[in-house]
Amino acid sequence: MRTPLSRRTGLRAAGAAAVTVVLWASAFVSIRSAGAAYSPGALALGRLLAGAVALGAICLVRREGRPPRAAWRGIAVSGVLWFGFYMVALNWGEQQVDAGTAALIVNLGPILIALLGARLLGDAVPPRLLAGMAVSFAGAVTVGLSMSGEGGASVLGVVLCLLAAVAYAGGVVAQKPALATASALQVTTYGCLAGAVVCLPFAGQLVREAADAPVSATLNMVYLGVFPTALAFTTWAYALARTTAGRMGATTYAVPALVVGMSWLVLGEVPGPLTLAGGALCLAGVAVSRSRAAGRTVARGAVPEPRPKRAADSVR
C-alpha cells in the first residue's frame, strides 16, 4: 500500500526544486563571464573543485559518513556523466553555438529523463506531466529562436550540446536509485568528486589560465562551484528522492525563463516580446507538470515522510 505524500514533505521538495532552478539559472550569467577567461575543461574542473571543497566542509561539520555500497554505482555513473562529461560538453558547445541554439538542444534533456525514467525506473508518465512538458518545450523553442543569432550553428556545437543533454538525462536516471540508500548530501558530494576526477586531465590548463584570468572570472568560477553546484545539486537530490525523475526534469524548464529575467536585471539585456512569451510558456508548462490530481500518492521510489502512529493503527 502506498503512503500519501504529506503536505510538508511536498512543500519541502518543491522549495528545494525552486532553489535548484534559481541557482542553475544564475549559472548561465556566471558562465558567460568566467568562460571568457577559462577554457571549457578548466572551467568545469575549477567549478567542481570549488564545489567539492564546499561539500567536503559540510560533510565534516555534519559528520556525514561514506554512502552505502549499494549507492556507489549510481553515484559513480551520475558523477561521470552529469558532473563531469556534461559540464565540459556544455561549456564547449556554448563556445560553438549561440545561447539560443544551446538552450534548445539541452532542453531535450527533460524529455529524455522522462522516457528513460519510465523505461529503466518504472516511473509513471501521467498525462499532466506530458502536457506540461509539451507546453514548456514549446516555450523553450520560442526562447531559443528569439535568442538565436543570425549566424549558422556549428555542427560540432550542436553535437556537443546534444551529448550534454544525453549525459544530463543519463546522470539523473542513474542518480535516482542511489538516493534510495544514500543521503542527498552524500550523493552530491561523491558525485562531485567523481566528476572532478574525470576532469583532472584539464588541471594543467586550469593552473595556466588561473594565473592570467581576471579576479572577476575566477570569482565567478568559485561561485559556480559553491552555489549552482554544491548547493543546487544537493537541493536537487533532496527533491529527486521525493518525486519522479520525469517530474523533476520537467521542473528545469523554468530555467530559460529565469535566465531571461536575470539577463534583463543583471546584464541589461532587454528581452523582446517573443522571448517574454516563450518564458511565460516555460513557467506555465512547469506549473502544469508539477500539479497533482486530488488524492495523488507517492510515486514509486519516492521517500515519504513518516506518519505519526495513531491509536487506531495499533489495533489493526
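Which helix gives the largest share of the nonpolar patch? Point 3 takes this up, after the overall picture.

1. The model is predicted. The protein chain has 13 helices and zero strands. Read from the N terminus, every element in the run is therefore an α element, as the order α-α-α-α-α-α-α-α-α-α-α-α-α shows.

2. The protein chain has 316 residues, and 49% of them are buried. Its accessible surface is about 14,800 Å², with 67% of that belonging to carbon and sulfur atoms. For contacts between residues at least 6 apart in sequence, 92% join residues that are at least 24 apart.

3. A nonpolar patch lies on the surface, formed by Phe 85, Val 155, Val 159 and Leu 163. Together these residues have about 350 Å² of accessible area. Helix H7 (residues 155–178) gives the largest share of the patch, with three residues. Phe 85 sits in helix H3 (residues 69–96). The relative accessibility of Phe 85 is 39%, so this residue counts as partly exposed.

4. The structure has one salt bridge. Side chains of opposite charge can pair when their charged atoms come close. Here the side chains of Arg 62 and Glu 64 meet, with 3.8 Å from N to O. How exposed is Arg 62? Arg 62 counts as exposed, because its relative accessibility is 58%. Glu 64 has a relative accessible area of 22% and so is partly exposed. The cut-off matters for Glu 64, because a residue must be under 20% to be called buried.

5. Helix H5 covers residues 109–121. Its buried residues are Gly 109, Pro 110, Ile 113, Ala 114, Gly 117 and Leu 121. Why do they line one face of the helix? Seen down the axis of H5, the buried residues fall within an arc of 140°, so they line one face. An α-helix has 3.6 residues a turn, so residues three or four places apart point the same way. On the other side of H5, the exposed residues are Leu 115 and Arg 119.

6. The residue to check after this helix is Gly 122. Gly 122 comes just after H5 and takes a positive phi of about 75°.

7. To sum up, the points to look for in the structure are the 13 helices, the nonpolar patch that includes Phe 85, the salt bridge between Glu 64 and Arg 62, and the buried face of H5.

Conventions. Residues are numbered from 1 along each chain as its sequence is written. This is a predicted model: local features need pLDDT of at least 70, side-chain atom pairs count only at pLDDT 80 or more; totals for chains, interfaces and linings use all residues. Side-chain values use heavy atoms; hydrogens and water are left out. Helices (H or I, at least four residues) and strands (E, at least two) are DSSP runs, numbered from the N terminus. Buried means under 20% relative accessible area, exposed over 50%, partly exposed in between (1.4 Å probe, protein chains only). Contact means heavy atoms within 4.5 Å. Accessible areas come from the Shrake-Rupley method with a 1.4 Å probe; for residues, only the protein chains shown count as cover. Patches are made of residues with over 30% relative accessible area and no salt bridge: like charges are joined within 9 Å, nonpolar side chains (Val, Leu, Ile, Met, Phe, Trp, Tyr) within 5 Å. A salt bridge is a side-chain nitrogen of Lys or Arg within 4 Å of a carboxyl oxygen of Asp or Glu. The arc is that of the directions from the helix axis to the C-beta atoms.
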